[in-house]
Amino acid sequence: MGSKKAESTSAPVIRRDPYEVLSVSRDSSDQEIKTAYRKLALKYHPDKNASNPEASELFKEVAYSYSILSDPEKRRQYDSVGFEALDAESMDMEIDLSNLGTVNTVFAALFSKLGVPIKTTISANVLEEALNGTVTVRPLPIGTSVSGKVDKQCAHFFGVTINEQQAESGIVVRVTSTAQSKFKLLYFEQDANGGYGLALQEDSEKTGKVTSAGMYFLHFQVYRMDSTVNALAIAKDPDAAFFKRLEGLQPCEVSELKAGTHIFAVYGDNFFKTAAYTIEALCAKSYEDTTQKLKEIEAQILRKRNELRQFETEYRKALARFQEVTNKYSQEKQSVDELLKQRDSIHSSFTVTRTVSNLSNGSTSKVLGEDSKAESPGEDGSDGKDKSAKKKWFNLNLRGSDKKLG
């Protein structure tokens with residue numbers, strides 16, 4: 001289930017005190033921080049300040065500050081140590097499609113097709129219309145579904161009315177797209193002025209042959225998986241990315257709903273075309289076994305995440321030792337090969353025939369051992385003298401023949 005914020009959370013170059021940025025005190029409640037953030041986010045949103053680059057930087061600063069103060073653990077770390085306790089690199093960036101322009105939108109769409117997670121902000125027009133209460137809300141009764149198509153950077157709003165029994169049992173709202181469209185599932189809280197303020201956001205993820213997103217209000221902590229965390233880990237250290245797969249688990253801020261009407265919306269997040277979707281609202285009363293299984297699997301995943309953190313330390317030590325042993329193996333193998341090569345060379349030196357160099361022309365000749373220095377008789381039984389005589393007669397005859405021919 002999504003508790004992800006709708007805006008950019010990249011760290012500004014010069015970081016100011018988040019409490020100062022949002023104009024809240026250090027003992028402000030979560031609701032006070034959320035209200036301050038909404039007002040400033042709308043004030044500096046890029047959609048409303050296209051020609052003002054300063055407003056864009058302020059918008060990023062507001063979103064970054066809220067990303068710290070809205071997270072209990074990050075807020076505690078900041079209050080204790082300051083920015084040094086925060087890993088700014090893990091806070092990812094979101095882009096505003098309505099402000100990209102055609103060329104950049106094409107590139108963003110291409111990267112998205114290649115599997116690179118591209119986070120996008122929600123149009124300020126949608127947020128402002130919701131905050132002003134001027135949106136059209138269609139009823140979505142429990143146990144029913146509605147299908148439709150929503151334009152890019154637009155939203156369809158739905159009202160889900162639940163009674164006390166349904167609220168106690170738990171509520172699930174899911175959106176799927178067989179067309180594999182990109183969309184966001186949004187949940188809005190009622191504001192004092194009668195409008196709706198964005199509280200939760202869940203981006204669609206590809207699951208099998210469809211894209212889907214869901215929010216689960218089941219009276220226990222449910223988590224959503226932020227895929228960009230794993231993508232960043234792979235980019236930094238592909239070999240250790242496995243250990244970061246569960247680090248993307250983000251707890252939902254809202255685990256239960258009270259009786260009444262609650263506002264959800266499907267936001268079109270495709271780069272160019274409309275998003276086709278089906279939204280449904282369910283009461284968990286009919287899914288008690290499934291709800292229990294989800295509770296158990298969430299607990300198992302959390303335990304596994306802690307185990308992986310410990311195992312990563314063991315793995316890195318073992319990997320370092322393995323590399324050390326592997327290097328020694330290569331060195332020892334090379335040493336053994338060299339010793340055997342020298343041994344073979346020495347063995348080859350034990351031979352009757354030795355090769356020496358002829359100093360006059362660089363050619364080689366064979367020098368025989370002492371036992372074979374004596375001349376051997378010819379094959380026909382004649383001695384060496386007779387052989388020499390025959391050779392001389394042949395040469396004389398040949399020269400004589402040459403003169404005669406001349």
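At 14% relative accessibility, C283 is buried in this predicted model, whereas C154 is partly exposed, with a relative accessible area of 33%. No disulfides are counted in the structure, since a disulfide is taken as a pair of cysteine sulfur atoms within 2.5 Å. C283 belongs to strand β14, where it stands opposite I171.

The protein consists of 406 residues, of which 37% are buried. Its secondary structure comprises 10 helices and 16 strands. Among contacts with a separation of 6 or more, 75% are between residues 24 or more positions apart.

Five strands make up an open sheet, arranged in the order β3-β5-β13-β7-β8 with mixed pairing. The edges are occupied by β3 (137-139) and β8 (196-203); each has a single partner strand, so one side of each is left without a neighbour in the sheet. From one strand to the next, the twist averages 30 degrees. At the β3 edge, the pairing with β5 (residues 155-162) is parallel and is made through three bridges. Within this pairing, R138 is placed opposite F158 of β5. Helix α6 (residues 124-132) lies across four strands, namely β5, β7 (183-190), β8 and β13 (260-268), and runs at about 140 degrees to β8.

A further set of pairings involves strand β6 (residues 171-177). Five of the seven residues of β6 are buried, so this strand is largely enclosed by the rest of the structure. β6 is joined to β10 in the antiparallel sense by seven bridges, and R174 stands opposite G214 of β10 in this pairing. β6 also pairs with strand β14 (residues 275-283), again antiparallel, over six bridges. In that pairing, I171 faces C283 of β14, the cysteine that counts as buried at 14% relative accessibility.

The surroundings of β10 can be described through A213. This residue lies in strand β10 (residues 210-217) and is buried, with a relative accessible area of 4%. Leaving aside residues up to four places away in sequence, A213 touches V173, R174, V175, F183, L185, E202, D203 and S204. The C-alpha atoms of A213 and K182 are 10.0 Å apart, with their positions 31 residues apart along the chain.

E202, one of the residues touched by A213, also takes part in a polar contact. The side chain of E202 meets the side chain of R224 at 3.2 Å. R224 is located in strand β11 (residues 223-225) and, at 3% relative accessibility, is buried. A separation of 9.7 Å is found between the C-alpha atoms of R224 and D203, which are 21 residues apart along the chain. D203 is likewise among the residues in contact with A213.

Aromatic side chains were examined next. The protein contains 11 aromatic pairs. In one of them, F243 and Y315 are tilted, at 5.1 Å centre to centre and with 50 degrees between the planes. F243 is in the loop between α8 (227-236) and β12 (249-251), while Y315 is in helix α9 (residues 288-349), so the pair ties together parts that are 72 residues apart in sequence. The two partners differ in accessibility class: F243 is buried at 5% relative accessibility, and Y315 is partly exposed at 29%.

Y315 forms another tilted pair with F311, at 6.3 Å centre to centre and 50 degrees between the planes. F311 and Y315 are both in helix α9 and lie four residues apart, about one turn of the helix. F311 is partly exposed, with 39% relative accessibility. Ring pairs join F242, F243, F311 and Y315 into a cluster. This cluster therefore includes the contact between the loop that holds F243 and the helix that holds Y315.

Definitions and conventions
Residues numbered from 1 in each chain as written. Predicted model: local features only at pLDDT ≥ 70, side-chain atom pairs only at ≥ 80, totals over all residues. Heavy atoms only, no water. Buried < 20%, exposed > 50% of the residue type's maximum accessible area, 1.4 Å probe, protein only. Phe/Tyr/Trp six-rings, centres within 6.5 Å; stacked < 30°, edge-to-face > 60°. Helix = DSSP H or I, 4+ residues; strand = E, 2+ residues; numbered from the N terminus. Polar contact = N/O pair within 3.5 Å; in protein donor to acceptor, adjacent residues only side chain to side chain. Contact = heavy atoms within 4.5 Å. Pairing = 2+ DSSP bridges. Axes fitted to C-alpha atoms, helices over the stretch in contact; angles between N-to-C directions.
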